[in-house]
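Here are a few exercises to work through with the model open in your viewer. Try each task before you read its solution.

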Amino acid sequence: MKRFLIFLPLCVAIVIGLAGWWGLNPDRDPNSIPSALIGQPVPDFDLPAIEGIGGLGLSTQDFGDGSGPILVNVFASWCVPCRAEHAVLTRMVREDNLALVGINYKDKPEAATAWLTELGNPYDRIGSDETGRAGVEWGISGVPETFVVDANGIIVFRFVGPITSDAALATLRKALAQAGADKS
Amino acid sequence: MIPEIGQFALTLALMTAVVQGILPIWGAARNNAVWMRSATPTAALQCILIAIAFGALMRSFVVSDFTVVNVVENSHSLKPMLFKVAGTWGSHEGSLLLWTLILAVFGAAVALLGQNIPTSLKARTLSVQAWISTGFLSFMLFTSNPFDRIFPAPLDGNDLNPLLQDVGLAMHPPLLYIGYVGFSIVFSFAVAALIEGRVDPAWARWVRPWTLAAWVALTGGIALGSWWAYYELGWGGWWFWDPVENVSFMPWLLGTALLHSAVVTEKRGAFKSWTILLAILTFSLSLLGTFIVRSGLLTSVHAFAVDPERGAYILGLLVLSIGGSLTLYAIRAPKMDPGGLFAPVSREGGLLINNLLLALATATVLFGTLYPLFLEAITGDKISVGPPFFNASFIPIMLPLVIVMGVGPFLSWKRADLPGVFDRLKWVIFITLISLLVVWYMQTKGPALAVLAMAIAVWLLLATLREWSLRIKLGQVSFSESRDRLRRVPRSSHGMTLAHAGLAVCIFGFVGSSAWKSEEVLFVEPGTQIEIAGFDVTFEGTERVQGPNYVAAVGVLRVMRNGRDVTVLRPERRTYPVAQSQTTEAAIRSTPAGDLYASITEPANEDATGKWTLRILYEPLVGLVWLGSLMLVLGGLTSLTDRRLRVGSPKRKTPVATAPIAGE
């Protein structure tokens, strides 16, 4: 018993060391928050277009038509990081030829229109979520937030915060590529 | 040029550390006095070289030398001078340099001040200390060089994280590191004693001042950190059981245990193997803290930039130092003789309970901190362990400890007379019960645990004061004789009284501010009125203020009580354009009875233009948290000035000869 006790601290240290070694895995991000929606179909929602912008609104029916992955970006004109992210998204749409739709979260139509007129509109469709109800359905924790929905209408990826760093962009591209590959 | 001198000095310091790590310990094995004595000059030289490197980095910050990457990333030419200096240790690289500097300072201090330590023990201790230096110096030079240059140099820097631009926090890392790293020398002493195969009361006495110094600094560091969190984060809390807080708290808990078990080793020759183990584990937990904070292993509000390569290197250092020392311990410890015998009810018995409970509390905090990591490794689930777990597990362990703390100092060594002790404490018990009822009456709805904790704190405070008054025979003999006794009682006893009373004061603060605080969070517009804890608060609007490197919106809150003006609170929301971030400066009105605390954040979204989010709290007794911490620090310092730590230590084998006066 005594001999066992003498070795106990060493054993505990080894277990902690192993856990620490495992934890250093560079792909692991302790800050990522898993979303309950991953692997689930797109929630039920139906949003009108932003008044004054024209174009189409966004609803559950717009997903799962089998054409390819869709990037869903939640944004607002009052959100400063969205402004930085906007440029990145615009470039992605231009270069990667992807389908980008937007949810304009808790925003006044005039303000959103002015914002999109100033910065340009990279979105194929934008749903105006003035009440924030659709945001609740999507389970967002803040703005901006971005989801990848695959061709079958299943949410496969969620990113919290602005996609401005190279690392964030790389993660998003990887998720998009995987979503696209799963289609076949 | 200056940064290159720093880099060169650092490289030379690594060489010196390698020599210091080999020569003295080899000399001790071969009984070569010259090689053993080489530890003193090498330790001093190493310290000087690292100080030169540190000075070089600090100069780069002071003159804003933007050819150095570290300065670019953590400074800005418009930053106030104090924060330019503090920026030196604001980054991962700079703080690591501070870490090694303190390590070397402690090594040099032992080399130069520890003249009564036997040559062989000193040589081995300094060699072990140099191994740690070697590990961290190489870590710095190979993975996190603070002197890396950048070309072309940018026009200005990125600014230090504004949250860290604060006087309290500028001082927090140095104090915390003195605490963390101070335990390294105790660790080195322990490993040296294991290598030498000899632990005796004299050893415990040589180690004691270093343990105390580290403990004092760590206490101060933690208290400053929590004070900073209190007024800077704007949540009104002072402890969040965040992983980074926990990793500084664990060495403190175990260091406290070490402080007490070393007394038993010193006075009675018992607990030897346990004291050695505590010395090793305390520093191991400091290292674990360094690892967790710098590897991004756990999610936390405070963290450095994360780099897996660095994490792997520190993990390697941990495996060598912790694994090595614990293996050595497992081999050597069974051969140590158990030392003095004692009855269950005795000073030793009391300190044993103290040690068991503190170790258990440390294990609880360690488990709660690492549990998310274990769970994720095994099942992949992500959870976070928060205050409910720690409050439910930690507090029930600490309360019995505090009860025992009240009695402990009354117990005599070897065998104590428990009925006699309770006889001397009967008034204390009586008053404690009365105050229990009074608190219960005042806070009938208050949580039972809080009422109990309040009473236990009263118990500790009174019992501590009673022990002190008995020691100087206050009231039993003439006042002048009491005063005379006051002078003759060893300072370490006064230190103990002060520290124990300090903990009681802390508990008043802990309980008052967490169990009985009032809190309101609401949207306010100019003219909004709030009533909180008897205060009528009116939000009068916001003003814009331009600071040196920020702009601030200052909320104006008029506080009235019973129709009379009390004060105007001015909480600030600062925006730092360069660092692109914001900080909260809470406005606090402190009184001994409690703090009225307000912080504001800007409108949350478009719908709420002009509406500010105001958080206003009344926290009873919260100031006592820091008053008590200050008493803990002063108690430690008083104990550190004790005569027996200053004048000649006992010669080995005759440790009983210089027992101090007045029943310790």
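Two strands count as paired if DSSP finds at least two bridges between them. Helices (H or I, at least four residues) and strands (E, at least two) are DSSP runs, numbered from the N terminus. This is a predicted model, in which local features need pLDDT of at least 70, side-chain atom pairs count only at pLDDT 80 or more, and totals for chains, interfaces and linings use all residues. Residues are numbered from 1 along each chain as its sequence is written, and chains are lettered from A and ligands numbered from 1 in the order in which they are written.

**Exercise 1.** Find how β8(B) and β9(B) pair, then place them in their sheet.

*Solution.*
- Start with the pair: β8(B) and β9(B), residues 594-601, are antiparallel and share five bridges.
- For a landmark, look at B:A587, which lies opposite B:A598 in β9(B).
- Now widen the view to an open, antiparallel sheet of four strands, ordered β1-β10-β9-β8 in chain B.
- Its edges are β1 (518-524) and β8 (587-591) of chain B, each pairing on one side only.
- Ignoring direction, neighbouring strands here are turned by 10° against each other on average. The axes behind this angle are lines fitted to C-alpha atoms, for helices over the stretch in contact, and angles run from 0 to 180 degrees between N-to-C directions.

**Exercise 2.** Trace the mixed sheet of chain A and give the handedness of its crossovers through α2 and α3.

*Solution.*
- The five strands of this open sheet come in the order β5-β4-β3-β6-β7.
- At its edges are β5 (125-129) and β7 (155-160) of chain A.
- β3(A), residues 70-75, runs antiparallel to β6(A), residues 145-149, with five bridges; there A:I70 has A:V149 as its bridge partner.
- With β4(A), residues 99-105, β3(A) pairs in parallel over six bridges, and A:V72 is matched with A:V101.
- The chain passes from β3(A) to β4(A) through α2 (residues 80-96) of chain A in a right-handed β-α-β crossover. Right-handed means that, with the strands pointing away from the viewer, the path from the first strand over the helix to the second runs clockwise.
- β4(A) and β5(A) are parallel too, joined by five bridges, with A:G102 partnered by A:I126.
- From β4(A) the chain crosses through α3 (residues 109-119) of chain A to β5(A), and this crossover is right-handed.
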